[in-house]
Amino acid sequence: MDYNIEDTKTHVRKQFSNTNVEKTHMHFMSIDNLFPDDFYKYVMTLELTEAQRLAHDILCDEHIVKTLYKKFVDAELRSDVIRSVYAFWQRSGAGYSLKPHVDSYPRVFTVIVNLADSNEHPDIGTAMYSVDDQIKQYTTNAVAPYVMNSASVIAPNDHTWHGVNLIEKPVDRKSIVVVFSAQEWNDDQIHYSEWKS
């Protein structure tokens, strides 16, 4: 497919700019129509490693970084500087869950790009939790829908508990995670990214 990377970036920037931050017990964004439709269809034909590279190249963008800082101005951000951006892919299915967790420093923003084949399983998206520290009980407060051509954004801090609730359906759940980091990339950082700025 022939596509114009700058036109694609412009579309993605607009989607970030036009999406409001949801402020329940934590700040997050749930973005629809992340990519132009034809580009999303193209991405869905790629191997995950190549999709990961493209997602990184498009989201590793100073305008998106500036937009994220403006959108999350009320959030408890870990740094006012992004020093590297990296990406990795995830794939899971029935029986998978990701326990409630908080992304560790040096993450400043975490963007989860959903590569859904359909809109039939919105409930398997990224879940946002509140936690009772005394009894370690987690309550799902919101789920960023796992639907086609969508993404969710978290500005991690000590209170941004999130994960994936147990998947009980036979589904191929694919995503690309793009991390905006407060530190320069080094090979000791966790997660298997080949793609960093």
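Here are a few notes on the cores and the backbone oddities of this predicted model.

1. Ground rules. Residue numbers start from 1 along each chain as its sequence is written, and side-chain values use heavy atoms, with hydrogens and water left out. As the model is predicted, local features need pLDDT of at least 70 and side-chain atom pairs count only at pLDDT 80 or more, while totals for chains, interfaces and linings use all residues.

2. The main core. The largest nonpolar core (buried Ala, Val, Leu, Ile, Met, Phe, Trp, Tyr and Cys joined through side-chain atoms within 4.5 Å; buried is under 20% relative accessible area, exposed over 50%, partly exposed in between, with a 1.4 Å probe and protein chains only) has 43 residues. F16, L59, L68, F72, V111, I176 and F180 touch the most other members. Helix α3, residues 48–59, gives the most to this core, with 6 residues (helices are DSSP H or I runs of at least four residues, strands E runs of at least two, numbered from the N terminus).

3. L59 up close. Leaving aside residues up to four places away in sequence, L59 touches V12, F16, I64, V111, V113, V178 and F180 (contact means heavy atoms within 4.5 Å). There is also a second, separate core of 12 residues, including M26, Y86, I112 and V179.

4. Backbone oddities. Most residues other than glycine have a negative phi, and most peptide bonds are trans. Y105 and P106 are joined by a cis peptide bond, omega about 20°, and P106 sits in the loop between β4 (98–101) and β5 (107–114).

5. Positive phi. N33, in the β2 (27–31) to α2 (37–43) loop, has a phi of about 50° and counts as partly exposed at 33% relative accessibility. K136, in the loop between β6 (126–132) and β7 (137–144), has phi near 55° and is exposed at 54%.
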